[in-house]
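Hi,

Here is the structure I said I would pass along. Have a look at it first, and my notes follow below.

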Amino acid sequence: MAAVGGRQGLSQLFSDDDEDEAWSVHKVMGADAAMSRTSSYSDVQEENGRVGVSTPTLPSSGHSRSPYLHPTHQATASTSTFNVTSRTPPDVAAVPASPIMAPSTPRPSASRKPSSLRPNADRPTRVSSDTASISATAPKRRAASPSAKDGRYPKGREQRIRVTPRLPHADDVELAPATNMYWSKAPVHGTLPMRSMRAHTVTLVDSTAWLFGGCDDKGCWKDVYCFDTETMQWSHPEMLGEIPPPCRAHTATLVDRKIVIFGGGQGPVYYDSTYILDTTTRRWIAPNFGERECPAPRRAHTSVLYQNKIWVFGGGNGLTALNDLWTLDVGVSIDRMRWEPIRTRGEPPAPRGYHTANLVGNVMIVIGGSDGRECFSDVWCLNLDTLIWTRINLQVSHRRLSHTSTQVGSYLFIVGGHDGSSYSSEILLYNLGTLSLQYEPRVIRGKPPSPRGYHVTVIADSRLFVFGGFNGHDVFDDVHILDLAGAAYLPQVMSFKVDV
């Protein structure tokens, strides 16, 4: 698995200016000039439209100031999850900043109590930002919205309400057999999200998908939206209790009817905090672990639930990529919850973030990710009973980071992400029901979502839903549906086992 090179750096793909939660536009430099500065690697390419890969390296000397973990566990020098040095071709021109989405109607105040609602105010007005060529040594930064710092919406904006669903239609899509899996755009309606969605989480409770946090070009957010997967209706419930700060690249794990949020961050700050949302009472709770040992602050990690414990793996802490493993005991009362570091056996995966982890039986399957130098294509299995890591030998491999992986019966549906060169809209099917554990092709019809990463996928009623995402230039607020059609039996296929 060699580091990719010859194109724009993976560090550029993850570069964003979290220090003020604004996106910067950097002029790509020659190799000599690039070595004199440090790029950050936080989320896949945030340079407003340029995507590519070079051969970045992690800083090796002690005097090179790193945007990773500060001794106080808060990164302050930069905003990236992974830090690398960019080496990019000198002949790539500067790219102007992307347009800013500026809805034309007022939004709720920080209390989240909406003011007068205006029906049909569901279309934001696109306002072009100023564009200019930006120097590599002094990148121009777009000022952050003060309200975005607090996860609040600017004054003078109303909640968007859509009364009538818009049924999907496209003249350029070929007719397809009813037995084929089929892409379409969801006919959403209701109280639409007031923002786009990137590095957020969506957790399915019964037929309702709970969206929390994430970011757009204005900053990070802390509000919650609910999406009914049966009626396609959005709602914006009021939350109570100890509401978390604005957050992105965190994890959300469903325990009974409660959603456990861990880690994430905004700007230069990385969180090691835990919050619990009771979806029945809509109340947030913040457990207090006192002086007990906890994982280091991080984002871009993964979590799974097994035997009343949340297993957290990897991520980035602002200083470096991680490959440590922790558990949080959630089988006890909140005041008795404890974090515990777990020692595994065998060769572990390389440190990484923006990978995926799925629990299949007693096995956690980790796919892809990146450490800031490489975009990984490897697949690892950790037996959570024996704590032994096993690497899967793949006949065909696919590099992926910032993708999603959703179990559909005996398959993992790997959607989108970045392959080290560009964003993808491809679906990869990883067959868990074979001894060899390999990818296999499958015909899918319809109009797929545009290429993207940092989206979320959930399966409900034999349909795979895709929420939001980011393509290196735009942050999306759309919802897409993959109807499993003739493959709808797949979620019912449970008589298989992953032997590692």
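Arg373 is partly exposed, with 33% as its relative accessible area. Its side chain makes a salt bridge to Asp371, with 3.2 Å between the closest N and O atoms. Asp371 itself counts as buried, at 6% relative accessibility. Keep in mind as you read that this is a predicted model.

How many salt bridges are there? The count comes to 11. As a general point, side chains of opposite charge can pair when their charged atoms come close. Two others are worth a click. Lys218 and Asp217 meet through their side chains, at 3.4 Å from N to O, and Asp217 is buried with a relative accessible area of 14%. The other one joins Asp278 and Lys258, at 3.9 Å from N to O. Asp278 sits in strand 20 (residues 274-278) and Lys258 in strand 17 (residues 258-262), so this salt bridge ties together parts that are 20 residues apart in sequence. Asp278 is buried, at 13% relative accessible area, whereas Lys258 is partly exposed at 32%.

That brings me to strand 17. Is this strand largely enclosed or left open? Of its 5 residues, 4 are buried, so strand 17 is largely enclosed by the rest of the structure. Here is what pairs with it:

- Strand 16 (residues 251-255) runs antiparallel to strand 17, with 5 bridges between them. Val255 has Lys258 as its bridge partner, and that is the lysine that also forms the salt bridge with Asp278.
- The hairpin of strand 16 and strand 17 has 2 residues between the strands, and Asp256 takes a positive phi there, near 55 degrees.
- Strand 20 is also antiparallel to strand 17, again through 5 bridges. In this pairing Phe262 stands opposite Thr274.

So Lys258 and Asp278 are in strands that are joined by bridges, and their side chains meet as well.

Next, the open sheets. One has 4 strands in the order 26-27-28-29, with antiparallel pairing. Strand 26 (356-360) and strand 29 (388-391) are its edges, each pairing on one side only. Ignoring direction, neighbouring strands in this sheet are turned by 25 degrees against each other on average. Inside it, strand 27 (residues 363-367) and strand 28 (residues 379-383) run antiparallel and are joined by 5 bridges, with Met364 opposite Leu382.

Another open sheet of 4 strands has the order 22-23-24-25, and its pairing is antiparallel too. Its edges are strand 22 (302-306) and strand 25 (339-341); each has a single partner strand, so one side of each is left without a neighbour in the sheet. The twist here averages 25 degrees from one strand to the next. Strand 22 pairs with strand 23 (residues 309-316) in the antiparallel sense over 5 bridges, and Ser303 has Val312 as its bridge partner.

Now the cores. In soluble globular proteins, nonpolar side chains tend to be buried together. Which residues touch the most other members of the largest nonpolar core here? Out of 19 residues, they are Val188, Val202, Phe227, Trp234, Phe465, Phe467 and Val479. Strand 10 (208-212), strand 13 (224-228), strand 35 (456-460), strand 36 (463-470) and strand 37 (475-483) each supply at least two residues of this core, and strand 35 gives the most, with 3 residues.

Phe227 is a good place to centre your view. Leaving out residues up to four places away in sequence, Phe227 touches Val188, Ser207, Thr208, Ala209, Met232, Gln233, Trp234, Phe465, Phe467 and Val479. There is also a second, separate core of 15 residues, and it includes Val360, Ile365, Ile367 and Val379.

Finally, the chain as a whole:

- It has 3 helices and 37 strands.
- Of its 500 residues, 55% are buried.
- Among contacts between residues at least 6 apart in sequence, 68% join residues at least 24 apart.
- Its accessible surface comes to about 20,300 Å², and 50% of that belongs to carbon and sulfur atoms.

If you only have a few minutes, I'd start with Lys258 and Asp278, then go to Phe227.

Cheers

Methods: Residues numbered from 1 in each chain as written. Predicted model: local features only at pLDDT ≥ 70, side-chain atom pairs only at ≥ 80, totals over all residues. Heavy atoms only, no water. Salt bridge = Lys/Arg side-chain N within 4 Å of Asp/Glu carboxyl O. Buried < 20%, exposed > 50% of the residue type's maximum accessible area, 1.4 Å probe, protein only. Pairing = 2+ DSSP bridges. Axes fitted to C-alpha atoms, helices over the stretch in contact; angles between N-to-C directions. Core = buried A, V, L, I, M, F, W, Y, C linked by side-chain atoms within 4.5 Å. Contact = heavy atoms within 4.5 Å. Areas by Shrake-Rupley, 256 points an atom, 1.4 Å probe, with all protein chains shown as cover.
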